[in-house]
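Reader: Hey, I've got a protein model open and I'm kind of lost. Could you walk me through it?

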Amino acid sequence: MSDPMTDRLPPHNRDAERGVIGGILRDPDVLPTVQQTIKADNFYFDAHQKIYQAITDLSNENQPFDLVMIYERLKKNKQLEDVGGNTYLADLWDAVPTGANAEYHAKIVRDTAMVRSLIHAGNEILRDSFDRTQSADELVAQAERKIMDIAKAGMVGETYSLKDTLNE
């Protein structure tokens, strides 16, 4: 008999992931807003993680991040075949007509990543609870830490102190 919890595919949204990358390609000005919402590891699909990382790396180096530059970066990193080659990059360009919704797509990607993290943490909490190698108080404290870590990870953007903001 199979376990329905392990037979399930973790939550993800391929269209939203494609929408984020396609939106950035269509409108590079949305990248800073998207970066406030998600990181590369929020993507479920490995190809999307690698492409988004190439985009952010190029941006951090003050390089343009158009299809040619992304292609060259992925080729240099020996990741081009991993992501589906030039054909898949072109498909991402075609995935959306504009970058207008990239921020909303990024929120979907972030939310599904957080749910995957919650599922993972819940499984660890369940396993540790059945192991009974820790006291109940230790288990509760550990569970709280795991949940708080997920909540903190969901806040990707930079945090500034009130003092620093006022000085600005």
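Author: Sure, one definition before we start: helices are DSSP runs of H or I with at least four residues, numbered from the N terminus. With that naming, lysine 78 lies in the loop between α4 and α5. Also keep in mind that this is a predicted model.

Reader: Okay, got it. How many helices and strands does the chain have?

Author: The protein chain has 8 helices and 0 strands. Read from the N terminus, the order is α-α-α-α-α-α-α-α.

Reader: Ha, easy to remember. What share of the residues is buried?

Author: Of the 168 residues in the protein chain, 33% are buried. The accessible surface is about 10,700 Å², and 52% of that belongs to carbon and sulfur atoms.

Reader: And what about contacts between residues far apart in sequence?

Author: Take the contacts between residues at least 6 apart in sequence: 68% of them join residues at least 24 apart. Here's an example of two distant positions: valine 20 and asparagine 101 are 81 residues apart along the chain, and their C-alpha atoms are separated by 7.9 Å.

Reader: Where does valine 20 sit, and is it buried or exposed?

Author: Valine 20 is in helix α1. Its relative accessibility is 0%, so it counts as buried.

Reader: What is valine 20 in contact with?

Author: Leaving out neighbours within four places in sequence, valine 20 is in contact with Val34, Ile38, Phe43, Ala102, His105, Ala106 and Val109. You can go on from there to valine 34, which touches Val20, Ile24, Tyr52, Ala102, Glu103 and Ala106, again not counting residues up to four places away.

Reader: Switching topic: which residues touch the most other members in the largest nonpolar core?

Author: That core has 28 residues, and Ile24, Val34, Ile51 and Ile70 touch the most other members. Each of α1 (14-26), α2 (31-35), α3 (46-60), α4 (67-76), α5 (85-94) and α6 (102-131) supplies at least two of the core residues. The largest share, 6 residues, comes from α3.

Reader: Can we zoom in on α4? Which residues are buried there?

Author: Ile70, Arg73 and Leu74 are buried in α4. Looking down the helix axis, the buried residues of α4 fall within an arc of 95 degrees, so they line one face of the helix.

Reader: Why would residues with those kinds of spacings end up on one side?

Author: It comes down to how a helix winds: an α-helix has 3.6 residues a turn, so residues three or four places apart point the same way.

Reader: Nice. So what covers the buried residues of α4, and what's on the other side?

Author: The cover over the buried residues of α4 includes α1, α3 and α5. On the other side of α4, Val68 and Lys76 are exposed.

Reader: I clicked on tyrosine 71. Where is it, and how exposed?

Author: Tyrosine 71 is in helix α4. With a relative accessible area of 24%, tyrosine 71 is partly exposed, because that label covers values between the 20% and 50% cut-offs.

Reader: What does tyrosine 71 touch?

Author: Setting aside residues up to four places away in sequence, tyrosine 71 touches Leu80, Asn86 and Leu89. Tyrosine 71 and leucine 89 are 18 residues apart in sequence and 7.8 Å apart in space, C-alpha to C-alpha.

Reader: Back to lysine 78. What is its phi?

Author: Lysine 78 has a positive phi of about 60 degrees although it is not a glycine. Most residues other than glycine have a negative phi. Lysine 78 comes just after α4, and at 71% relative accessibility it counts as exposed.

Reader: Where else is there a positive phi on a residue that is not a glycine?

Author: One is arginine 132, with a positive phi of about 55 degrees. Arginine 132 is in the loop between α6 and α7, and at 67% relative accessibility it counts as exposed.

Reader: Last thing: what lines the second largest pocket?

Author: The second largest pocket holds about 160 Å³ of space. It is lined by 11 residues, and the closest to its centre are Lys39, Asn42, Ala113, Ser117 and Ala153. The elements giving two or more residues to this lining are α6 and α7 (136-153), and α6 gives the most, with 4 residues.

How values were computed
Residues are numbered from 1 along each chain as its sequence is written. This is a predicted model: local features need pLDDT of at least 70, side-chain atom pairs count only at pLDDT 80 or more; totals for chains, interfaces and linings use all residues. Side-chain values use heavy atoms; hydrogens and water are left out. A nonpolar core is a set of buried Ala, Val, Leu, Ile, Met, Phe, Trp, Tyr and Cys residues joined through side-chain atoms within 4.5 Å. Buried means under 20% relative accessible area, exposed over 50%, partly exposed in between (1.4 Å probe, protein chains only). Contact means heavy atoms within 4.5 Å. The arc is that of the directions from the helix axis to the C-beta atoms. Accessible areas come from the Shrake-Rupley method with a 1.4 Å probe; for residues, only the protein chains shown count as cover. On a 1 Å grid over the protein atoms alone, a cavity is a set of points where a 1.4 Å probe fits but cannot get out, and a pocket is an open set with protein on both sides within 12 Å along at least five of seven lines; lining residues have an atom within 4 Å of a point. Grid points are joined across faces, edges and corners, and a volume is the space filled by probe spheres set on the points.
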